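Biologist: I am new to this structure, so please pick one part and take me through it slowly. Start with a single residue and its surroundings, then work outwards from there.

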Amino acid sequence: MIASELRGKVGDLRQFASVRRITLDDGVERGVRALAFSSGGGLDFWVLADRSLDIGPLWWRGTPLAWQSMAGFRSPALHHAEEDGGRGYGRSSSGFVITCGLDHIRQPIDGHPLHGRLPFTPARVTAYGEDWDRDEPVLFCEGEVMQFRFQGEALRLRRRIEVPIGGNEVRFSDVVENLGASETPQASLYHFNLGYPAIAPGSTVRLGAKKLLDVTALPDVSDDPESISYPAGDDPRAVCTVSTPGVGENGLNIAFTFGTDTLPYLQIWHDFRKHACVLGVEPCTSARTGGVEKIMQPAQIRRYELSVSFSSGRPGFES
């Protein structure tokens, strides 16, 4: 149903699809700003403005799919990347996606903390809302996050997130720019985190047609948490699919699509032990800790395009 037909039947189109500002107000989450997206097609999630415009909780057809740790969505005021020998990331890690970088990813090395200094940094929100007047109506938000050190790196992430109204897909358009006077390494890793019931016994992970992982038990007391990197392939866009039976009428399929020009690798990480039960799908710029990252010259930009789509056997509201 198109917007012109809906407008005559309702008082406010936000009845069907909306982006609303909210602020969390309890415990370690107190004060965290967020944007609550409701697509009208069964896809709902929160973009956490105070945590790098990443996505915290996410629901598809009312089912929670994003992994959430005991940390909740901790305020950035409580986060210290350098604590625990540079592993402070582990005290705040939680949610559907955590963007890592911008000049380092993976393990602490050479003074860099785990997954860099970008995660859990407050963003400046520059726009958000509902755009019903496009050929494809969308919900959207835009903002920017700075990673800066005087006489050091000056990297800006500008992000747009959008969802087709009535749709089943969330899209990320990121631009990283070197605003400094010197060249700098630039690294990005998109840490997409799935928890139960998005993963369960019988879940499979594929990169294109190649099977990467089978989930045989959850929790799995014998699991050895590990991460393995794979070349994303020669096609301009790679697709990683996580398929899980028993969710919805025809099971659940989640497809992660990303451009291989700037994200040439896919890392799969998991910890299926009790009270963890998390699978990480991680498009990234390099294959291993200490890997060679591309250098960005002053004023150079790099673009990252990713999308995540959800499908099951039940129809939803269509725009």
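Modeller: Gladly! Leaving aside its neighbours within four places in sequence, R74 is in contact (heavy atoms within 4.5 Å) with V28, E29, V32, R51, H79, E83, R91 and S92. Before going further, note that this is a predicted model, where local features need pLDDT of at least 70 and side-chain atom pairs count only at pLDDT 80 or more, while totals for chains, interfaces and linings use all residues. Residues are numbered from 1 along each chain as its sequence is written, and side-chain values use heavy atoms, with hydrogens and water left out.

Back to R74, which sits in the loop between strand 5 (63–64) and helix 2. Helices (H or I, at least four residues) and strands (E, at least two) are DSSP runs, numbered from the N terminus. R74 counts as buried because its relative accessibility is 15%; buried means under 20% relative accessible area, exposed over 50% and partly exposed in between, with a 1.4 Å probe and protein chains only. One of the residues it touches is E29: the two are 45 residues apart in sequence, yet their C-alpha atoms are 4.7 Å apart in space.

The side chain of R74 also has polar partners. A polar contact is a pair of N or O atoms within 3.5 Å; within protein, one must be able to donate a hydrogen and the other to accept it, and residues adjacent in sequence count only if both atoms are side-chain atoms. At 2.9 Å, the R74 side chain reaches the backbone oxygen of L78, and at 3.0 Å it makes a polar contact with the side chain of S92.

The loop holding R74 leads to helix 2, and D84 is found in that helix, which spans residues 83–86. D84 has a phi near 55°, a positive value in a residue other than glycine. Most residues other than glycine have a negative phi, and most peptide bonds are trans. With a relative accessible area of 40%, D84 is partly exposed.

Beyond helix 2, we can turn to aromatic rings. Rings of Phe, Tyr and Trp (its six-membered ring) pair if their centres lie within 6.5 Å; planes under 30 degrees apart count as stacked, over 60 as edge-to-face and the rest as tilted. The whole structure holds nine aromatic pairs. In one of them, the ring centres of F96 and F192 are 5.5 Å apart and the planes lie at 65°, so this pair is edge-to-face. F96 lies in the loop between helix 2 and strand 6, and F192 in strand 12, so the pair ties together parts that are 96 residues apart in sequence. Both F96 and F192 are buried. F96 also pairs with F310: here the centres are 6.3 Å apart and the planes at 45°, so the pair is tilted. Because F96 is in that loop and F310 in strand 21 (residues 301–311), this second pair ties together parts that are 214 residues apart in sequence. At 0% relative accessibility F96 counts as buried, and F310 does too, at 1%. F96, F192 and F310 belong to one aromatic cluster, along with W60, F172 and F256.

Strand 6, which follows that loop, runs over residues 97–102 and includes L102. A cis peptide bond joins G101 and L102, with omega about 5°.

Strand 12, home of F192, leads us to the largest pocket. A pocket is found on a 1 Å grid over the protein atoms alone: it is an open set of points where a 1.4 Å probe fits, with protein on both sides within 12 Å along at least five of seven lines, and lining residues have an atom within 4 Å of a point. The volume of the largest pocket is about 570 Å³, taken as the space filled by probe spheres set on the points, which are joined across faces, edges and corners. It has 27 lining residues, and Y89, G90, S93, H191 and W269 lie nearest its centre. Strand 12 (187–195), strand 15 (226–231), strand 18 (265–271) and strand 19 (278–284) each give the lining at least two residues.

Finally, strand 10 (residues 169–178) contains D174, which counts as buried because its relative accessibility is 0%. Its side chain forms a polar contact of 2.7 Å with that of Y190.
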